[in-house]
Amino acid sequence: MSTEKLAIHDEQLNQTSGGTLLPYRVKPGDSLAAIAEQYHVSVSDLARWNNIENPDILTVGQQLVIKY
């Protein structure tokens, strides 16, 4: 089983009318760009979904939502 599949199964998925929401907790060394690339979404979408005004500032432990 791939690492990506394990990561998705380790998170709780929630179904919404707009698609699937995947919670993601920021880890040391994470950047919004790296998270966006990992999940194949844009940095601007990821920032917008999470009300992030400055994409250069993340906090370890911060909970993000990734929409599919």
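Where is the place of asparagine 51? Asparagine 51 is in the loop between α3 and β3, and this tour returns there after a walk through the rest of the chain. The model is a predicted one.

**Whole chain**

Start with everything shown as a cartoon. The chain holds 3 helices and 3 strands, and along the sequence they follow the pattern α-β-β-α-α-β. Colour by burial next: of the 68 residues, 25% count as buried. With a surface switched on, the chain exposes about 4800 Å², and 51% of that area is supplied by carbon and sulfur atoms. Among contacts between residues at least 6 apart in sequence, 51% join residues at least 24 apart.

**Strands β2 and β3**

Select residues 19-25 for β2 and 63-67 for β3. The two strands pair in the antiparallel sense, over 5 bridges. To find one of the bridges, pick leucine 21; the partner in β3 is lysine 67.

Now show the side chains of β3. In a regular strand, side chains alternate between the two faces of the sheet. Here the covered face carries Leu64 and Ile66, while Gln63, Val65 and Lys67 make up the uncovered one.

**The nonpolar core**

Which residues touch the most other members of the largest nonpolar core? Select Ile35, Leu46, Leu64 and Ile66; the core has 14 residues. The elements that give two or more residues to this core are β2, α2, α3 and β3.

Keep leucine 64 and display its surroundings. Leaving aside residues up to four places away in sequence, leucine 64 touches Leu22, Pro23, Tyr24, Val26, Leu32, Ile35, Asn50 and Ile52. Two names from that list, Tyr24 and Asn50, are the next stops.

**Tyrosine 24**

Centre on tyrosine 24, which is found in strand β2. Tyrosine 24 is buried, with a relative accessible area of 3%. Add tyrosine 39, also buried, at 4%. How many aromatic pairs does the count come to? The count comes to 1 aromatic pair. Tyrosine 24 and tyrosine 39 form that pair, in an edge-to-face arrangement with 5.8 Å from centre to centre and 75° between the planes. Tyrosine 24 lies in β2 and tyrosine 39 in the loop between α2 (32-38) and α3 (43-49), so the pair ties together parts that are 15 residues apart in sequence.

Stay on tyrosine 24 and turn on polar contacts. The side chain makes one with the side chain of lysine 27, at 3.2 Å. Another, of 2.7 Å, joins the side chains of tyrosine 24 and aspartate 30. For a link in space to β3, measure to isoleucine 66: the C-alpha atoms of tyrosine 24 and isoleucine 66 are 7.1 Å apart, with these positions 42 residues apart in sequence numbering.

**Histidine 40**

Move to histidine 40, in the loop between α2 and α3. Is histidine 40 buried or exposed? Histidine 40 is exposed, with a relative accessible area of 68%. Check the backbone here: phi is near 60°, a positive value in a residue other than glycine. From its C-alpha atom to that of isoleucine 66 the separation is 9.9 Å, for two residues that are 26 apart along the chain.

**The loop between α3 and β3**

Select asparagine 50, which has its place in the loop between α3 and β3. Asparagine 50 counts as buried, at 15% relative accessibility. Setting aside residues up to four places away in sequence, asparagine 50 touches Gln63, Leu64 and Val65. Zoom in on Val65: the backbone nitrogen of valine 65 lies 2.6 Å from a polar atom of the asparagine 50 side chain.

Step on to asparagine 51, the residue from the opening question, in the loop between α3 and β3. Asparagine 51 counts as exposed, at 69% relative accessibility, whereas asparagine 50 counts as buried. The phi of asparagine 51 is positive, about 50°, although asparagine 51 is not a glycine.

Methods: Residues are numbered from 1 along each chain as its sequence is written. This is a predicted model: local features need pLDDT of at least 70, side-chain atom pairs count only at pLDDT 80 or more; totals for chains, interfaces and linings use all residues. Side-chain values use heavy atoms; hydrogens and water are left out. Rings of Phe, Tyr and Trp (its six-membered ring) pair if their centres lie within 6.5 Å; planes under 30 degrees apart count as stacked, over 60 as edge-to-face and the rest as tilted. Helices (H or I, at least four residues) and strands (E, at least two) are DSSP runs, numbered from the N terminus. Buried means under 20% relative accessible area, exposed over 50%, partly exposed in between (1.4 Å probe, protein chains only). A nonpolar core is a set of buried Ala, Val, Leu, Ile, Met, Phe, Trp, Tyr and Cys residues joined through side-chain atoms within 4.5 Å. Contact means heavy atoms within 4.5 Å. Accessible areas come from the Shrake-Rupley method with a 1.4 Å probe; for residues, only the protein chains shown count as cover. Two strands pair if DSSP finds at least two bridges between them. A polar contact is a pair of N or O atoms within 3.5 Å; within protein, one must be able to donate a hydrogen and the other to accept it, and residues adjacent in sequence count only if both atoms are side-chain atoms.
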